[in-house]
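The following exercises introduce a protein structure to a reader who has not met it before. Each exercise sets a task and then works through the solution step by step.

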Amino acid sequence: MRTIDSLGDIEGKRVLVRVDFNVPVSDGKVRDDARMKRAVPTLMELRERGAKLLLVSHLGRPKDREAEFSLAPVAERTGRLLHTDVPLAPDLDDVPDGDVVMLENIRYEPGETKNDPELAKRLAALADYYVNDAFGTAHRAHASTAGIVPFVEHSCAGLLFQSEVDTIRLIMNHPKRPFLAIIGGAKVTDKIAVIDRFLEIADTVLLGGAMATPFLRVLGHGTGDSLCEEDGLQHAERALEHDGYPDGKLRLPVDLVIADEFGDGAEVQVIQGVDVPDGWMQLDIGSRTRTEYVAEIRKAQTIFWNGPIGAFEFKSFAAGSLAIGQAMAQTDAVTVVGGGDSGAAMAEFGLAHSVTHLSTGGGAALKLIEGADLPGLDALSD
C-alpha cells in the first residue's frame, strides 16, 4: 500500500484528498466532529509540505441535490479544525483557488456510486496527486475511492487509512495471544463471515446482543419477542456445528436482562438462564455473563470488539456494554474497537481514548477482517 511518504515534493501542488466526513448534521451544524478530527493529521502534514488541498467527501445518500445533504456546515467546521477558511466548491466546474477547498457532496454527482470513469477523469483533472484517507469507504468501488486512481500521476493512502489497515492486518496476522473477539449487534447475516474468520484465528469468541439470539434459538431456548433474524438461523446452526459448541471457541450468554418493550419506560427483569418468555425481549446480558466475559478480557492479550451487546442507548440495558468497555480500558492488551455502534458506546461511556485503536472503518473494517477485496485499498496497492 502506497503511503504519503511516497509523494515526494508536493510544494505548490494540489492534492485531492478523499476524506470521510459523513458526520451528523442538523440545523446547519455539525453535531459530532470526532470522525473529522481523525483526518486532521493527514491534512496538516500535507499542508506543512506546501500542498494545496481539495477535499472530497460524501454526506448521506442524496437522491438529487437536496439541501440537507450539503457539505456547507462540514466545510465551516473543517475550517475551524484547520484554522483557515475552507470555501465550498458548488460543483466540479466551479472550484475556487485556495489553500484548502472542499468540493460539494460528491454523491450529488450521479456517476459517483456507479464508478463512472468520466467522473473519475474530471476529478483527477482537478489535482496533481490523490490521497485517500477515507478507509470507511474503501469497500465501495466509487469514482472518488477507486475509479480516480488510474487517472492521477500518483496516489496513496493517508495516515488514518494507513493506520486502519495496518492495525487490522496486525491483529489478524500477528496477534498476541490469547486473542479474544467480541461480536455484538443485530444481524448474524451481516457478520457471519466475520464470526467464521474469528473462529479460525481467535482463541475465544464472545457473542452478545441480538447477535446471540439466533444461536440461542437454534440451541432450543425460547427467545420470546427478542429481535431474532430468521435468515440468521441457518448461519448460526452452521457456526455452532463448525465450532463444536459448547467445547469450541464460542461463548454465549448464560443470563439475560429482559424487558416488555424497547425503551426507558419498560418493565425490566433479570433472568437466571436464557429462556425468554413470550411478550418479553432480551436487551442486555446479565451479571453472570458480564463476570464471565470480563474474565475473558482480563486473560486476553489482543481484543477486538465490534457491536454492542445490549441496547446501551438506554440506561437499563447499558451494563453489559459498559462492563466490556471498562474492562478493555483497564487492560494492557492490544485493544481494537471496530467503530460503528460499539465505537459510539465507547464514546458515550467516555472511554473512546482508552483503547489502542478506535476504528472509523465500519463495514470496510469488517470486510478487511473477512479477507474480502476492498476496491479502494486495492487501487492503492502496488
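**Exercise 1. Determine how the two faces of strand β9 are covered in this predicted model.**

Solution. Begin with the residues on each face. On one side stand Phe179, Ala181 and Ile183, and on the other stand Leu180 and Ile182; every one of them is buried, and both faces of β9 are thus covered. Next, consider the strand as a whole. Strand β9 spans residues 179–183, and five of its five residues are buried, so the strand is largely enclosed by the rest of the structure. The arrangement of the two groups agrees with a general rule: in a regular strand the side chains alternate between the two faces of the sheet.

**Exercise 2. Identify the strands that pair with β9, and place them in their sheet.**

Solution. First, take the partner β15: it runs parallel to β9 and is joined to it by five bridges. Within this pairing, Ala181 stands opposite Phe304 of β15. Second, take the partner β10, which is also parallel to β9 and is linked to it by four bridges. Here the bridge partner of Ala181 is Val205.

Third, extend the view to the sheet. Its six strands follow the order β11-β10-β9-β15-β16-β17; the sheet is open and the pairing is parallel. The edges are formed by β11 (250–251) and β17 (357–358), each of which pairs on one side only. Strand β10, made of residues 204–207, is joined to β11 in the parallel sense by two bridges. In that pairing Leu206 faces Arg251 of β11.

**Exercise 3. Describe the surroundings of Thr302 and state whether this residue is buried or exposed.**

Solution. Start with the location: Thr302 belongs to strand β15, residues 302–306. Then examine the accessibility. The relative accessible area of Thr302 is 2%; since buried means under 20%, the residue is buried. Next, look for a polar partner. A polar atom of the Thr302 side chain lies 2.7 Å from the backbone oxygen of Lys176. Finally, list contacts beyond four places in sequence: those of Thr302 include Ile171, Pro178, Phe179, Ala333 and Val334.

**Exercise 4. Describe the position and contacts of a second threonine, Thr331.**

Solution. Thr331 sits in the loop that connects α10 (319–330) with β16 (334–337). A polar atom of its side chain is 3.1 Å from the backbone nitrogen of Ala333. Apart from neighbours within four places in sequence, Thr331 contacts Ile297, Ala300 and Ile303.

**Exercise 5. Characterise the nonpolar cores of the model.**

Solution. As a first step, recall the general expectation that in soluble globular proteins nonpolar side chains tend to be buried together. The largest core comprises 65 residues, and Phe135, Phe198, Val205, Leu207 and Phe215 have the most contacts inside it. Helix α6 (residues 188–201) gives the most to this core, contributing seven residues. Now take Phe198 individually. With residues up to four places away in sequence set aside, Phe198 touches Met172, Phe179, Ala181, Ile183, Val205, Phe304 and Ile369. A second core, separate from the other, has 29 residues, among them Leu7, Val17, Val23 and Tyr129.

**Exercise 6. Analyse the antiparallel sheet that contains β12.**

Solution. The sheet is open and has three strands, ordered β13-β12-β14, with antiparallel pairing. At its edges stand β13 (268–271) and β14 (281–285); each has a single partner strand, so one side of each lacks a neighbour in the sheet. From one strand to the next, the twist averages 35°. Turning to one pairing, β12 (residues 256–259) and β14 are antiparallel and share four bridges. Leu256 stands opposite Ile285 of β14.

**Exercise 7. Classify Leu159 by accessibility, and find what it touches.**

Solution. Leu159 is part of helix α5, which covers residues 159–173. Its relative accessibility is 29%, and it therefore counts as partly exposed. Excluding residues up to four places away in sequence, Leu159 touches Ile4, Pro41, Thr42, Glu45 and Asp133. As a final step, consider distance: Leu159 and Gly220 are 61 residues apart in sequence, and their C-alpha atoms are 48 Å apart in space.

**Exercise 8. State how many disulfides the structure holds, and classify Cys156 and Cys228 by accessibility.**

Solution. The count of disulfides is zero. Cys156 has 0% relative accessibility and so counts as buried. Cys228, at 12% relative accessibility, also counts as buried.

Definitions and conventions
Residues numbered from 1 in each chain as written. Predicted model: local features only at pLDDT ≥ 70, side-chain atom pairs only at ≥ 80, totals over all residues. Heavy atoms only, no water. Disulfide = S-S within 2.5 Å. Buried < 20%, exposed > 50% of the residue type's maximum accessible area, 1.4 Å probe, protein only. Core = buried A, V, L, I, M, F, W, Y, C linked by side-chain atoms within 4.5 Å. Contact = heavy atoms within 4.5 Å. Pairing = 2+ DSSP bridges. Polar contact = N/O pair within 3.5 Å; in protein donor to acceptor, adjacent residues only side chain to side chain. Axes fitted to C-alpha atoms, helices over the stretch in contact; angles between N-to-C directions.
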